[in-house]
Amino acid sequence: MRKDLERLFNPRSIAIVGASQDLATISGQPLRHLLSHRYGGTIYPVNPKYPEILGIQCYALLEALPETPDLVMVLINAARVAETLRQCGRIGVPYVIIFSSGYSEIGGKGVDMQQELAAIANRYGIGVVGPNCQGMINVAGSVFAGFGSVFYSDYDAGGVSMVSQSGGFGCSVMNLAAKDGGLNFRQMVTTGNELGVSSLDFIDYFIDDPQTEIIVGFIEGLKDAHRLPGIGAKALAAKKPILAWKVGNTAQGQQAAASHTANLGGAMALYQAAFRQGGIIQVEDIQDVIDYGRAFQCGKLPAGNRAAIITISGGAGILMTDECVNRGMQLPRLAPATTERLRSFVPAFGSLANPIDVTAAIFNDPDLVKMTLHAVLEDPNIDSIAMVNASLQGEIASKIATEVAAVAKESTKPIFMAWSARDEVNSGVYALLDAAKVPHYKSPVRCGRALATLSWYADALRRNEVLRKETAAVISSPEAHVMLAGKKEDVFEYAAKRILAQYGIGITQEELATNRDAALAIAQRIGYPVALKVQSPDISHKTEARAVRLRVASDAEAGAAYDEILRNARSYRAGARIEGVLVQEMVTGGIEAILGVTNDKLFGPAVMFGLGGVFAEVLKDVAFRIAPVTKSAALDMIAEIKGYPVLTGARGAAPADIGALADAIVRLSALALDLKDHVAELDINPLFVFARGKGVKAGDALIKPVIRN
């Protein structure tokens, strides 16, 4: 389907199929809104019931129009839409918004009806928005093509563009952000079931749109989710932040999303991985959209994550400190020169630590604010400042706002304000800050959260610059393809590790023995102690079957262990297919980690990393990335988990070989892409990570193949 969305947002003419004379109804509102907002193009109502509506000629058929419209709005019963879409195709209509519901969101026959529409749209190259949507708004172009309460209001054009899979909620976000938050929108489109043009198609368009500065997406589920990291990288390169509100993250929420727009919510862990990879900011409330939008409108990005907090209230400073630190910011000590400078004018009962408490002494000396700001901004250890002014109002508030605005205009470092005075008593003060592009918030928590988000985004830009200079590893193994071709059963340790080795991932020294003498010979070559494990496609839990022996130290022990393993395996599962007994080196030392691959139907291959044992299994302390994964992305992935200090040498332990671990992740990513047609899931558990310079080794592995019907 076509994606040249300029003609959708700026149509020269619009036809409304099913237009009604009752302007309060869903089918009557679009004409009303286009006229009330002074749409400058030509409007063609289409309905055989009426000769005219509001003095505008009404046509019986689309094919009777004097020209081909750029956009057709379809507001008729679902059963009649297919024929209307065919008419659009025959006359060459580029874009159609289908408002009608009753398609895949209801299941059954609705799915078939939607598939029929998709086939028609593809046949004629029509860009379809919807069905089951609420329309779109181009504020700057006065195109209000939809229905609902948001379409009745006038808006000032701004730099925010939004796509929402939920019509009603998307409209609510725009309405509240514009009216209550001062965040002005440029474009807003609702996509419903996304038969044709997807949310990511719209986000891609917004990135290219010169007038769009901030992008918002309300997402229930993406059928083309694999595009997310690339879309995010493109937005980072354009320095256009994307605020993504992903819902349907619980089992119940995913079920609701499917019944609402027939989209699959997918695994939230993969969405979060894609968001981090692409520098996409996750929001959880309308207030986040407003607060983060304000943060980006300051036009400045911090050079690092080191913040200073200046407050006249110690408690509020602590509250903001907690919020900033919990979201990854640092509050470093001030440079000695800065501390000495502050000591010369901050009262002795104040605090020169960070947060800096200048106390209520500002009531006696308002210049304290200006002097403190100048001193802290010049500190080389500080990248941004947040100031807490409690509920100051009146003359002193005006003086402080004037000074802050003047300082902010000169500084390249962002300055944020937490100021809780009511709008009606401080309207002039807040107007001064707005004019100087100083973001201000009613609470320290909201201020700290917004500043941390700005800092995280600035860091994402820096990470993206590194990523753009990297090339992901590409490894192809014809032998691995042959080994997995046609597999319908799980591939266990010995064969799975042979495949890992094809991609340069370190494995334990081992050989498969098919008789007792061979087991002894292998053990002698490897060197005692060794481990022995049964290899059988019918025994997935070797320990449960008592078919594993560890720390085998001699020929006598090895022979006895071999016999006992086979005896126990056959007792555990009569008739089990025994491929042999794996004789393997005993690994000592090292930190146990777990690596994995999941070949997701929405995202494609994704790589997982975590520490072994309780970290991964109980605490779920793992990180995901969508393949391909580069070296810097792998290092970022490793540092993301809470257990990272275990790898860096916690409590005096030797630091682990993080470089080799990152290399294994990169190679596993290459494997996942090369074998995406064969591998559904892959686990390396444990992966032994040895001390720095000693590398890594896969201790066990399992591959679940892609099984085709």
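**Exercise 1.** In this predicted model, state which side chain meets Asp-70 in a salt bridge, and what parts of the chain the pair ties together.

Solution.
- Step 1: The partner of Asp-70 is Arg-7, with 2.7 Å from N to O.
- Step 2: Asp-70 lies in the loop between β4 (56-57) and β5 (71-74), while Arg-7 belongs to helix α1 (residues 6-9), so the bridge ties together parts 63 residues apart in sequence.
- Step 3: Buried means under 20% relative accessible area. Asp-70 has 3% and therefore counts as buried, whereas Arg-7, with 29%, is partly exposed.

**Exercise 2.** Place the salt bridge between Arg-90 and Glu-63 in the chain.

Solution.
- Step 1: The N to O distance between these side chains is 2.9 Å.
- Step 2: Arg-90 sits in helix α3 (residues 78-91) and Glu-63 in the loop between β4 and β5, so parts 27 residues apart in sequence are tied together.
- Step 3: Arg-90 is partly exposed at 44% relative accessibility, and Glu-63 is partly exposed at 40%.

**Exercise 3.** Decide whether Glu-378, the salt-bridge partner of Arg-341, is buried or exposed.

Solution.
- Step 1: The side chains of Arg-341 and Glu-378 meet at 2.6 Å, N to O.
- Step 2: Arg-341 is in helix α12 (residues 336-343) and Glu-378 in the loop between α13 (367-377) and β17 (384-388), 37 residues apart.
- Step 3: Exposed means over 50% relative accessible area. Glu-378 has 52% relative accessibility, so Glu-378 counts as exposed; Arg-341, at 35%, is partly exposed.

Key. Residues numbered from 1 in each chain as written. Predicted model: local features only at pLDDT ≥ 70, side-chain atom pairs only at ≥ 80, totals over all residues. Heavy atoms only, no water. Salt bridge = Lys/Arg side-chain N within 4 Å of Asp/Glu carboxyl O. Helix = DSSP H or I, 4+ residues; strand = E, 2+ residues; numbered from the N terminus. Buried < 20%, exposed > 50% of the residue type's maximum accessible area, 1.4 Å probe, protein only.
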